[in-house]
Amino acid sequence: MNIEKVYEAINSNRIVHEIVANAPLNVIERMQVVTFEVGRFMLHQDEYHDYTYLLVEGRVKVYLISPNGKSVVLDVYGPGMFLGEQEAIIKKPYSASIINITPVTLLKMSNQDFVNWSQHDHRFANRMISYLSEQIYHLTKRTERYSLYSAMQQIGLELMQSFKEQRPISREQLTYRVDTSYRNINRVLKQLSELGIIDASKPAIKIINVEELQRIIKSEE
């Protein structure tokens, strides 16, 4: 792989550039830039993989799938997120599956190079501790929602969060953030629309009555 393409990828995203800033030169020289169209990049749970990836552009879905085919989404990763870093460190098979939901560009490195990088770049090692701690925190909060909240509560809480952050949210994005079927999401959104609480007629769902949505979330407890 042309080293110029590697540096071009690194410099194309501010977060990625900051992560790789102090990486050992020999690690950077062995990196590869790989790109995939939607649905072509897949890593399967319970399988060993020889490479760690740094997402430069695009988004991937991290999910669990049961033997009977039921799946639950754990998270959606964007630029600056690592894929397979935990498994590289502890030398275990992947704990979850990964698939890209948009075209993606990634930096690919061997697991050994990733481990060497973390051992020789102390700034990077400290960043990884913070990064992994944040992942555990978000996973714990998501597990709480999945385990303790109804579909209505999960959807209502996600809508409220997007409202507070002034971040548009769509039906598709809800499928990545709540533990229920697409059909059930449509059922809940239809119910909330009929109550005049949201407007789901456009791709970006709009909350019309914040107080009533909060009341419904509370009443489901």
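**Exercise 1. How many bridges join S1 to S8, and in which sense do the two strands run?**

Solution. The structure is a predicted model, and the pairing is read from it as follows. Begin with the two strands themselves: S1 and S8 are joined by five bridges, and they run antiparallel. Next, pick out a residue pair that shows this register, for which valine 33 serves well, since it stands opposite leucine 107 in S8. Then turn to the other partner of S8, namely S3, which is joined to S8 by six bridges and also runs antiparallel to it. Here the example is glutamate 57, whose bridge partner in S8 is threonine 105.

**Exercise 2. Place these strands in their sheet, and find what packs on it.**

Solution. The order of the four strands is S1-S8-S3-S6, in an open sheet with antiparallel pairing. At the edges lie S1 and strand S6 (82–83), each of which pairs on one side only. Helix H5, residues 111–120, packs on this sheet and touches S3, S6 and S8, with a direction that makes about 80° with that of S8. As a last step, consider burial: six of the seven residues of S8 are buried, so S8 is largely enclosed by the rest of the structure.

**Exercise 3. Work out the order and the edges of the sheet that contains S7.**

Solution. Four strands form this open sheet, in the order S2-S7-S4-S5, and the pairing is antiparallel. Its edge strands are strand S2 (42–43) and strand S5 (71–77), each pairing on one side only. Within the sheet, strand S4 (residues 60–65) and strand S7 (residues 97–100) pair in the antiparallel sense over four bridges, and the bridge partner of lysine 61 in S7 is isoleucine 99.

**Exercise 4. Explain why the buried residues of H1 lie on the same side of the helix.**

Solution. First list the residues concerned: in helix H1, which covers residues 3–11, Val6, Ala9 and Ile10 are buried. These residues cover an arc of only 100° around the axis, which puts them on the same side of H1. The general rule behind such a pattern is that an α-helix has 3.6 residues a turn, so residues three or four places apart point the same way. On the other side of H1, by contrast, Glu4, Glu8 and Asn11 are exposed. The next step is to ask what the buried residues meet, and they pack against helix H2 (14–20), helix H3 (25–30), strand S1 (32–36), strand S3 (51–57) and strand S8 (104–110). Finally, look at the N-terminal end of H1, which is capped by asparagine 2, with a side-chain oxygen 2.8 Å from the backbone nitrogen of glutamate 4.

**Exercise 5. Is glutamate 158 buried or exposed, and which residues does glutamate 158 touch?**

Solution. Locate the residue first: glutamate 158 belongs to helix H7, residues 151–164. Its relative accessible area is 6%, and the cut-off for a buried residue is under 20%, so glutamate 158 counts as buried. Leaving aside residues up to four places away in sequence, glutamate 158 touches Arg145, Ile169, Leu174, Arg177 and Val178.

**Exercise 6. Describe the protein chain as a whole.**

Solution. The secondary structure comes to 10 helices and 10 strands, and the C-alpha trace spans about 60 × 35 × 30 Å along its principal axes. Of the 221 residues, 43% count as buried. The chain exposes about 12,600 Å², of which carbon and sulfur atoms supply 50%. Among contacts with a separation of 6 or more, 70% are accounted for by residues 24 or more positions apart.

Definitions and conventions: Residues numbered from 1 in each chain as written. Heavy atoms only, no water. Buried < 20%, exposed > 50% of the residue type's maximum accessible area, 1.4 Å probe, protein only. Arc of directions from axis to C-beta. Contact = heavy atoms within 4.5 Å. Polar contact = N/O pair within 3.5 Å; in protein donor to acceptor, adjacent residues only side chain to side chain. Pairing = 2+ DSSP bridges. Axes fitted to C-alpha atoms, helices over the stretch in contact; angles between N-to-C directions. Areas by Shrake-Rupley, 256 points an atom, 1.4 Å probe, with all protein chains shown as cover.
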